[in-house]
Amino acid sequence: MKRVRNILRYIIIIILDIFVMIVFHSYINFILLVGLILFPIYSIIGVRKAAEGLSLKVEAPVEAMCRGEEFDVRFTVHNDSWFPLVNVNLNLEFSNAFYGKTGGHVLNIPVRAGKETKVTYPIVMEYCGRFLVEVNEISLVDILGMQERRIPVHELAECLVFPNGAERNNEAGRIYLRGVSEAVESKEKGYDFSDISGIREYIPGDKLQNIHWKLSVKKDDLMVKERVSVSAMQLNVLVDLSNNEEMSAEGVLELADSITKGFVVQNLPFTVYYYSTNTGGLNNCYIGNEIERKQWLEMVLYDRCYMGEALTEDLFIRQNPGAGSYLYIGVVEGGNEDVIYGDRKAGALLKTQG
């Protein structure tokens with residue numbers, strides 16, 4: 001419809017020029033008439049020739065960005081022909097693969113003849129995740145807007161956008177020590193000797209349940225089972241990636257980023273668990289340094305959050321019935337002074353099985 005209007009307007013301009021030329025016998029209007037007739041031919045042929053050798057390249061930052069941090073997506077259009085293009089439309093589709101959100105945009109740019117034209121498009125992500133920009137089609141419109149040529153392409157670029165959790169080193173350190181201590185106590189109460197590191201002679205003050213009675217009878221001396229020390233233990237961290245209309249998963253990721261970052265800074269090892277929609281099961285990852293923590297975040301962002309009932313905690317308890325205490329990071333309802341709260345009702349709470 002728009003092209004029809006442009007053609008009708010152009011015809012009206014030609015008719016008016018012819019009328020002025022006839023009435024005033026104007027040589028200038030005759031030259032203008034020739035130009036008005038030849039220019040559309042040049043414009044249409046130029047679009048067709050340019051469409052034959054047009055190519056596109058899309059680039060995004062290789063390194064991961066942080067939520068709220070501006071980064072550039074670069075579009076490079078190469079025009080092999082000697083016809084410049086004023087109206088080149090790149091039909092863009094933006095998406096966040098982690099949340100499954102998509103949106104479209106049309107980027108209009110001029111393209112020089114016989115050269116590369118580079119355009120940078122600034123992006124600021126409101127939510128963390130895996131950012132994707134895809135161009136499936138380039139639309140070329142001649143200068144007069146009379147003809148449109150569509151070129152199918154498939155160019156894709158992506159960039160990971162990490163959460164930007166606030167520093168919570170002190171809170172993370174306190175909750176870690178509490179969690180490990182509770183884990184050791186729960187094992188001792190259940191007489192679980194799977195964490196024995198050795199046998200030694202009895203020292204006054206040792207607990208009676210740690211005495212190795214069979215060995216003591218053989219040696220005619222009290223022998224004690226030596227347990228792994230608290231410093232050798234590690235904490236299990238459960239990150240619940242279930243989402244809702246309030247985007248609770250964003251708050252959970254921000255809080256998980258803060259707490260796990262605090263663990264790594266203080267050299268506190270831990271194992272993180274989360275439900276993966278890609279594998280349909282519980283994934284776990286041991287983390288002892290910042291590199292491993294960043295790798296875990298990448299694994300999470302290449303996965304997807306899910307709507308509905310939280311699955312991580314139930315699966316963990318089912319698969320690890322004797323794990324004792326663990327740190328749950330997810331949506332925590334109600335006021336609890338033992339919870340480390342984040343945004344969007346996210347909270348970190350120590351829990352003990354049974």
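In which sense do strand 13 and strand 14 pair, and over how many bridges? The views below are taken from a predicted model, and the first one gives the answer.

**View 1. Strand 13 meets strand 14.** The pairing here is antiparallel and runs over seven bridges, with strand 13 covering residues 270–276. To pick out one bridge, look for valine 272, whose partner in strand 14 is cysteine 285.

**View 2. The whole six-stranded sheet.** Zooming out a bit, the sheet is open and its pairing is mixed, with the strands in the order 14-13-11-16-18-17. Strand 14 (281–287) and strand 17 (340–341) sit at the edges with a single partner strand each, so one side of each has no neighbour in the sheet.

**View 3. Helices on the sheet: helix 5 and helix 6.** Helix 5 (residues 248–265) lies across strands 11, 13, 14, 16, 17 and 18, and runs at about 145° to strand 16 (325–331). Helix 6 (residues 290–301) also packs on the sheet, where it touches strand 11, strand 13 and strand 14. The direction of helix 6 makes about 160° with that of strand 14.

**View 4. Helix 1 against helix 2.** Helix 1 (residues 2–24) packs on helix 2 (residues 27–52) at an angle of about 160°, and their axes are 9 Å apart. With that angle, helix 1 is roughly antiparallel to helix 2. The crossing is left-handed. Residues making the contact include Tyr10, Ile14 and Met21 from helix 1, along with Phe30, Leu33 and Phe39 from helix 2. Sorted by class, the contact has 12 nonpolar, two polar and one charged residues.

Note on methods. Residues numbered from 1 in each chain as written. Predicted model: local features only at pLDDT ≥ 70, side-chain atom pairs only at ≥ 80, totals over all residues. Heavy atoms only, no water. Pairing = 2+ DSSP bridges. Helix = DSSP H or I, 4+ residues; strand = E, 2+ residues; numbered from the N terminus. Contact = heavy atoms within 4.5 Å. Axes fitted to C-alpha atoms, helices over the stretch in contact; angles between N-to-C directions. Parallel < 35°, antiparallel > 145°, perpendicular 65-115°, else oblique. Left-handed = near helix turned anticlockwise from the far one by under 90°. Nonpolar A, V, L, I, M, F, W, Y, C, P; charged D, E, K, R; others polar.
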